[in-house]
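Open the model in your viewer and keep the selection panel at hand. Each stop below names what to select and says what is there.

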Amino acid sequence: MRLLTLFIFGTLLLAHPFSFISPKLSSPQEEIISQFSEEIRHSSLKIALVMPKKIIGRYSIASIDTVIAYLSSRGVDFELEVFDCGDEEESSIQSIYRKILEERFQFIIAIFTTKGAHEVSKLPLQVPFYIPTVNITQINFNPSTNPMLFFGGISYKDQIQQLLKLHQAEHIIAYNDDSPVGERLAIDLSDFAPYTQNQTITNQDAATFNKQARTQEKLIQNADVFLNTPVVKSGLLLSQMGYFRKKASKILSTQLNFNPSITVLTQKRDRRNLFIASSIGQTNQKLIEYGSLLNSDLQYDWVNYSTALGIELFFRIVFPDSLPFFQEQMADNQIQYQTKIYSIDNKGFFIPVDLSLYQSPSSQEEQPSQPIQEDPSTLPQEPEEILQNLE
């Protein structure tokens, strides 16, 4: 479905003296992309955004806004067309891909789950195809078999590994969401810590957690607790655990809870020993502002961040002298993220934790750091809907 065609005029930014090197490509990749480079420089970028709208829900709008925000901030002519493939069946994806080829689009972004990514991996791609929502490790894929397929999903396994560097307690308790993401995180954690005790938490369990206070206090006492639950459910659990007499040693969580709304849903005492992993890095302030104008959160929403990052990598291959907005690189067809661990200070700001200096929760509270969130009352879009589909 043709949604929109936008033309934004301007001049490309001059090369930055600290520009990082463009991604290294294989010979087949270079040959295919070079076909479009000269054409793009004399006309406009043609980008196809593919999505099964009934599966990804409101992220269909968020992804459009992110693409527009990035290309608008670059000041170049571009044409964006949105293709709704309906579902992620092989026939649906093949049909959309043929149409995109016929209309000579130069770059494809697809908001897919692992099912869609697997189907795309079987296509003989002739155009760069980027999936921001799936990590390459989630499907059985060898880049040499399909060099035009790229992935931008974060690695929960890497985040768990980083969080486990804080593990000093006697044992680990994991509270897992009753969703595909919760199940996936439980499996990933068990791969590194097979002695983990797991509990599945439904919405009802989260709302009435204090009724199990005696049982739960015994479980979490002197334990490191993993919250593999989305932000609203985590807020419910933390606010009730805050009243427990017996406390956990530390509370650990992945990208699911890297969200400023966690500071609104909890009090200072609830977050005392809370540590959250995130793969979202720093980006250009101009891009953040464009994103904010279009309701695209690039500071806390990893899907939006990954989407913009994918456009950047393609854009800078075509325009290598342009200013880089991101620091991440592509290796073996997968975006390489740097996972960081954050705590939350008394004012509700996320502050980075230096794992090499970490000794105890109390010593961390004394560490000076710059906040990365200036207005905790501004809540971003919550990623639960799409995350539940990213198996």
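The tour goes from helices to the core and ends with salt bridges. Keep in mind that this is a predicted model.

**Stop 1: a covered helix.** Select residues 59–74, helix α3. From first C-alpha to last, its 16 residues reach 23 Å, close to the 22 Å expected at 1.5 Å a residue. Now colour α3 by accessibility: 15 of its 16 residues are buried. Step on to Gly75, which follows α3 and has a positive phi, near 70 degrees.

**Stop 2: a helix with a buried face.** Select residues 156–163, helix α6. Tyr156, Gln159, Ile160, Gln162 and Leu163 are buried here. Look down the axis of α6: the buried residues line one face, because they fall within an arc of 160 degrees.

Stay on α6 and pick Lys157. Lys157 is partly exposed, at 37% relative accessible area. Lys157 forms a salt bridge with Asp191, with the closest N and O atoms 4.0 Å apart. That pair ties helix α6 to helix α7, across 34 residues of chain.

**Stop 3: a loop threonine.** Select Thr196, in the loop between α7 (180–192) and β7 (197–201). Is Thr196 buried or exposed? Thr196 has a relative accessible area of 9%, under the 20% cut-off, so Thr196 counts as buried. Its side chain reaches the backbone oxygen of Ala193 at 2.7 Å. Expand the selection to see Ile172, Ile173, Ala174 and Leu189, which Thr196 touches.

**Stop 4: the core.** In soluble globular proteins, nonpolar side chains tend to be buried together. Which residues touch the most other members of the largest nonpolar core? Tyr175 and Met241 do, among 110 residues. Helix α13 (residues 302–318) gives the most to this core, with 10 residues. Centre on Tyr175: its contacts include Phe209, Ile220, Phe226, Leu237 and Met241. Polar residues touch Tyr175 too, among them Gln199, Gln216 and Asn228.

**Stop 5: salt bridges.** How many salt bridges does a search of the whole structure find? Eight. Select Glu89 and Lys115, whose closest N and O atoms are 3.7 Å apart. Glu89 sits in the loop between β2 (78–84) and α4 (90–102), while Lys115 is in helix α5 (residues 114–120), 26 residues away. Glu89 is partly exposed at 39%, and Lys115 is partly exposed at 35%.

Next, select Asp270 and Arg269, bridged at 3.4 Å. Asp270 is buried, at 5%, whereas Arg269 is partly exposed, at 39%. Finish on Asp177, Asp178 and Lys233, joined into one network by salt bridges that share partners.

Note on methods
Residues numbered from 1 in each chain as written. Predicted model: local features only at pLDDT ≥ 70, side-chain atom pairs only at ≥ 80, totals over all residues. Heavy atoms only, no water. Buried < 20%, exposed > 50% of the residue type's maximum accessible area, 1.4 Å probe, protein only. Helix = DSSP H or I, 4+ residues; strand = E, 2+ residues; numbered from the N terminus. Arc of directions from axis to C-beta. Polar contact = N/O pair within 3.5 Å; in protein donor to acceptor, adjacent residues only side chain to side chain. Contact = heavy atoms within 4.5 Å. Core = buried A, V, L, I, M, F, W, Y, C linked by side-chain atoms within 4.5 Å. Expected span 1.5 Å × (residues − 1). Salt bridge = Lys/Arg side-chain N within 4 Å of Asp/Glu carboxyl O. Lists of a residue's contacts leave out its neighbours within four places in sequence.
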